[in-house]
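The following exercises are to be worked with the sequence and the coordinates at hand. Each task is followed by a solution in steps.

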Amino acid sequence: MTDSATLDQLADRLRSAHAVTVMTGAGISAESGVPTFRGTDGLWRNYSATDLATPEAFARDPRLVWQWYRWRRGIIGRAEPNPGHLALARLQSRMRAFTLITQNVDGLHQRAGSTRVIELHGNIWRARCASGCGVVTDAAGEAAGDEPAGDQDPAPVCSCGALLRPDVVWFGEALDQSRIDLALRAAQDCQAFLVIGTSALVYPAAGLPRVAASAGALVVEINVDDTPLTPHAGLVLRAKAAEVLPALESRV
Ligand code: BJW
Ligand code: ZN
């Protein structure tokens, strides 16, 4: 666990910062029981998560990809925000300028009370037309998700007749430009940039800490393991997010 002098110093930095930006990844939801992507818990029926999160996988076998998303929706629907999510929501409420960027699609930050969350990779509870007719649904009819119930269902169909797909960003797909712009501005304009529970491998999100550092921010990594960002971070807290974030927030 991180020592308390380090947390005190970081809390001082956050208090004196004009703006704080936080970027989270799957690790922050791990303690809510949501599998990460690249851990061993990211495996589903021997498929790796990163092989399923692709347009190619959906083109090849949309039913398989929907089965995976329904399975994940089941887990996420039963999950609760953990003390890490809750601490970030409290931190937002007491900071002058606070931006939360997440790569997660689970909506747990919003359920914890965070607002104006920039969801870089979409949201698992929405679906949209795979052929781009413009239909976006909250996919309520798809929300049950309990395996095996619904597991054999076909991929859902849009009113235009094409398939619906989860409203998330897969590898090789462009992120929403307005969300990237907001995230870039928040990285450029902050004095402290906290990077929490991400393997820092997937771009463009993985490039944001460098943007913040170049603009003079203190980049803080909170992770249970090393990542490619670790050598470049100004401060590394080698800890579980759900443990260290409440300890940090209570000092700010
Ligand atoms: C804890 C913890 C605890 C555990 N406490 N910590 C070379 C350079 C630049 C880019 C590329 C490149 N080669 C290829 C690319 C492009 C590609 C990319 O980055 N690939 C890399 C893998 C190399 N990027 C893209 O394709 C992106 N699009 C793009 O570039 O478009 C260009 C374009 C422009 C114009 C037209 C067309 C295209 C899109 C990326 C989309 C990623 N999508 C996914 C799926 C989302 C939907 C879904 O959820 O199903 O996003 S993949 C997956 O990875 C998901 C995640 O958001 C993302 C990041 O994963 P994350 O969150 O870091 O999770 P993990 O599991 O990797 O890590 C968990 C971490 O937590 C670990 O470090 C643990 O140690 C830690 N942890 N428990 C604290 N308790
Ligand atoms: Zn359609």
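## Exercise 1: A cis peptide bond

Pro-204 is found in the loop between strand 9 and helix 9 (208-214). The model is a predicted one.

**Task.** State which residue is joined to Pro-204 by a cis peptide bond, and give omega.

**Solution.**
1. The partner in the cis peptide bond is Tyr-203.
2. Omega of this bond is about 5°.
3. For context, most peptide bonds are trans.

## Exercise 2: Confidence of the model

**Task.** Give the average pLDDT of the protein, and find where pLDDT stays under 50.

**Solution.**
1. The average pLDDT is 94, and 94% of the residues score at least 70.
2. The stretch with pLDDT under 50 comprises residues 143-149.
3. For residues 143-149 the model has 11 contacts beyond four places in sequence.
4. Where pLDDT is low, predicted coordinates should not be read in detail.

## Exercise 3: The zinc site

**Task.** Identify the donor atoms of the zinc ion (ligand 2), classify the geometry of the site, and state which parts of the chain the pair Cys-129 and Cys-158 ties together.

**Solution.**
1. The donors are the SG atoms of Cys-129, Cys-133, Cys-158 and Cys-160, at 2.3 Å from the zinc ion.
2. The angles among the four donor atoms are 106 to 117°. Four donors count as tetrahedral if all angles lie between 85 and 135 degrees, so the site of the zinc ion (ligand 2) is tetrahedral.
3. The ideal angle for four tetrahedral donors is 109.5 degrees.
4. The spacing of the donor residues in sequence is C-x3-C-x24-C-x1-C.
5. Cys-129 belongs to strand 6 (residues 122-129), while Cys-158 lies in the loop between strand 7 (136-137) and strand 8 (164-168); the pair therefore ties together parts that are 29 residues apart in sequence.
6. Cys-129 and Cys-158 are both buried.

## Exercise 4: The antiparallel sheet

**Task.** Determine the strand order of the three-stranded open sheet, describe the pairings of strand 6, and name the helix that packs on this sheet.

**Solution.**
1. The order is 7-6-8, with antiparallel pairing.
2. Strand 7 and strand 8 are at the edges with a single partner strand each, so one side of each has no neighbour in the sheet.
3. Strand 6 and strand 8 pair over four bridges. In strand 8, Leu-164 is the bridge partner of Cys-129, and Val-168 is that of Gly-122.
4. Helix 5 (residues 62-78) packs on the sheet and touches strand 6 and strand 8, its direction making about 145° with that of strand 6.
5. Two bridges join strand 6 to strand 7; Val-136 in strand 7 is the bridge partner of Arg-128.
6. Strand 6 and strand 7 form a hairpin with six residues between them, and Gly-132 in the turn has a positive phi of about 80°.
7. Five of the five residues of strand 8 are buried, so strand 8 is largely enclosed by the rest of the structure.

## Exercise 5: The parallel sheet and its helices

**Task.** Give the order of the six-stranded open sheet, then describe how helix 1, helix 6 and helix 10 are placed.

**Solution.**
1. The order is 5-4-1-9-10-11, and the pairing is parallel.
2. Strand 5 (118-119) and strand 11 (235-238) stand at the edges; each has a single partner strand, so one side of each is left without a neighbour in the sheet.
3. Six bridges link strand 1 (residues 19-24) with strand 4 (residues 97-102); Ile-101 in strand 4 is the bridge partner of Met-23.
4. Helix 6 (residues 83-94) packs on the sheet, touching strand 1, strand 4 and strand 9, and its direction makes about 150° with that of strand 4.
5. Helix 1 (residues 4-16) lies across strand 1, strand 9 (192-196), strand 10 (218-223) and strand 11, at about 130° to strand 11.
6. Eight of the nine residues of helix 10 (residues 241-249) are buried, so helix 10 is largely enclosed by the rest of the structure.
7. The buried residues of helix 10 pack against helix 1, helix 2 (27-30), helix 6, strand 9, strand 10 and strand 11.

Methods. Residues are numbered from 1 along each chain as its sequence is written. Chains are lettered from A and ligands numbered from 1 in the order in which they are written. This is a predicted model: local features need pLDDT of at least 70, side-chain atom pairs count only at pLDDT 80 or more; totals for chains, interfaces and linings use all residues. Side-chain values use heavy atoms; hydrogens and water are left out. Donors are N, O and S atoms within 2.8 Å of the metal (3.2 Å for Na, K and Ca); water is not among the atoms, so sites may look incomplete. Four donors count as tetrahedral if all angles lie between 85 and 135 degrees; four count as square planar and six as octahedral if opposite donors are over 155 degrees apart and all others between 65 and 115; anything else is irregular. Buried means under 20% relative accessible area, exposed over 50%, partly exposed in between (1.4 Å probe, protein chains only). Two strands pair if DSSP finds at least two bridges between them. Contact means heavy atoms within 4.5 Å. Axes are lines fitted to C-alpha atoms, for helices over the stretch in contact, and angles run from 0 to 180 degrees between N-to-C directions. pLDDT is the predictor's confidence in each residue, from 0 to 100.
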